[in-house]
Every structure is written in structure tokens, then in C-alpha cells.
Amino acid sequence: MTVYDPDNIFAKILRGDLPSHKVYEDDHVVAFMDVMPQGTGHTLVVPKAPSRNLLDADPATFGPLFAVTQKIASAVKKAFAADGVAIMQFNEPASGQTVYHLHVHVIPRFDGVPLRPHTGDMEKPEVLAANAARIKAALEG
Ligand code: 5GP
């Protein structure tokens, strides 16, 4: 299936039908913690406009999406004193995409610390909540 499914997990989070640890929201974009983080502070930046991924997105989506991605990248770097920040984005199953609503991964990186597996272990909700609070504080500061 290569059409947009309005009942994908992120669409449900955007509608408020599923919970998330949100760190940022504006008219066009939401950012929340990844529940199976590949590193401490792994955050997902998600446009509100529905598209399956980058390939079928309206190009107008990308301005707000990447402006917020930059904001979140700076905030996670500050919040976790990271050495760098990885930005990742997958399109279709062969590339590693598992949730079919466009999103950008923002992952703090630390010298010598490898990434954990993609869609690996679930993080504890209290850890996600604490990390979200640190990112929100960095965004405000
Ligand atoms: P993709 O593989 O599509 O690039 O990334 C999907 C991401 O969503 C994965 O990193 C996965 O850990 C995360 N994820 C899967 N289900 C949920 C969920 O219910 N809530 C949140 N916050 N993240 C999820």
C-alpha cells in the first residue's frame, strides 16, 4: 500500500487519540519523544499535514518542518550536552521506514557512543517524560 493511511500511529498522536511526550507544537509541526529511542533524547519532528513520507509531501511542508528540526536539534544538543546531532528520515520499507506519516528523527550523538537499534527497546515513560522536560527547558532558555 503506498497511499496515506489516516489511522497510522502518528496521525493518531496528532489527533490526540494516542498519548505522546510532546516537546513542541505550532500550527504546522509537532515534536515528541520517540518511544524506542536510538539514543538519549531521540525526538521525532512531525508535520501536521498528512503525507506518507518525503516522496508524496507537498513541498510547502518542508520549510516549517526543517525550521522546527533545526530548533529541536539545537535544543537537544544543549539539553543533553551532546557532541553532535544526527538527523535521519526514511522513505518506504526498504529504507527503514516503519510509520507512514512523514517525520524527521533528531538524535543527540555522543563521542564513542553507538546508536541503539532502530525500533529497538521501549524506553520507560518516566525517562521519556524527564527527557522531554529537559528539551522543553532548553527550548525556552
Ligand atoms: P521510522 O521507522 O518510520 O523512520 O520511524 C518511526 C519511529 O517511530 C521509530 O523510531 C519508532 O521507535 C517510533 N515509534 C513507533 N511507535 C511509536 C509510538 O507509538 N509513539 C512514539 N512516540 N514513537 C513511536
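**Entry 1: who sits around the ligand**

Before anything else I wrote down what "near" means here: a residue is near a molecule if one of its heavy atoms lies within 4 Å of it. I also noted that I am looking at a predicted model.

With that settled, I looked up the residues around the ligand, and there are 18 of them. Asp 34, Thr 98, Val 99, His 105 and His 118 come nearest.

Next I sorted this shell by class. I got ten nonpolar, seven polar and one charged residues.

**Entry 2: polar side chains and the ligand**

Which oxygen-to-side-chain distances turn up? I went through three residues in turn.

I started with Asp 34, one of the residues that come nearest to the ligand. A polar atom in the side chain of Asp 34 is 2.4 Å from a ligand oxygen. For His 105, also on that nearest list, I found a polar side-chain atom 2.8 Å from an oxygen atom of the ligand. His 103 has one too, and there the distance to a ligand oxygen is 2.9 Å.

Then I checked how covered the ligand is. On its own the ligand has 520 Å² of accessible area, and the protein covers 92% of that.

I also asked myself which pocket the ligand takes up. The space it fills turned out to be the largest pocket.

**Entry 3: which elements build the shell**

I wanted to tie the shell to the fold. Both α1 (9–15) and β2 (29–33) give at least two residues each to the shell around the ligand. The largest share comes from α1, with three residues.

**Entry 4: the whole chain**

Zooming out, I counted three helices and five strands in the protein chain. Reading from the N terminus, I get the order α-β-β-β-α-β-β-α.

Why call the chain as compact as a globular protein of its length? Its radius of gyration is 14 Å, close to the 14 Å that the globule rule gives for 141 residues, so the label fits. Along the principal axes, the C-alpha trace spans about 40 × 30 × 25 Å.

**Entry 5: two odd backbone angles**

Last, I looked at phi angles. Glu 92 is not a glycine, yet its phi is positive, about 75°. I found Glu 92 in the loop between β4 (84–88) and β5 (104–109).

Thr 119 has a positive phi as well, about 50°, and is not a glycine either. Thr 119 belongs to the loop between β5 and α3 (125–140).

Note on methods: Residues numbered from 1 in each chain as written. Predicted model: local features only at pLDDT ≥ 70, side-chain atom pairs only at ≥ 80, totals over all residues. Heavy atoms only, no water. Polar contact = N/O pair within 3.5 Å; in protein donor to acceptor, adjacent residues only side chain to side chain. Areas by Shrake-Rupley, 256 points an atom, 1.4 Å probe, with all protein chains shown as cover. 1 Å grid on protein atoms, 1.4 Å probe; cavity = no way out; pocket = protein on both sides within 12 Å on 5 of 7 lines; lining within 4 Å. Sits in = over half its atoms within 2 Å of the grid points. Helix = DSSP H or I, 4+ residues; strand = E, 2+ residues; numbered from the N terminus. Nonpolar A, V, L, I, M, F, W, Y, C, P; charged D, E, K, R; others polar. Rg over C-alpha atoms; globule rule 2.2 N^0.38 Å.
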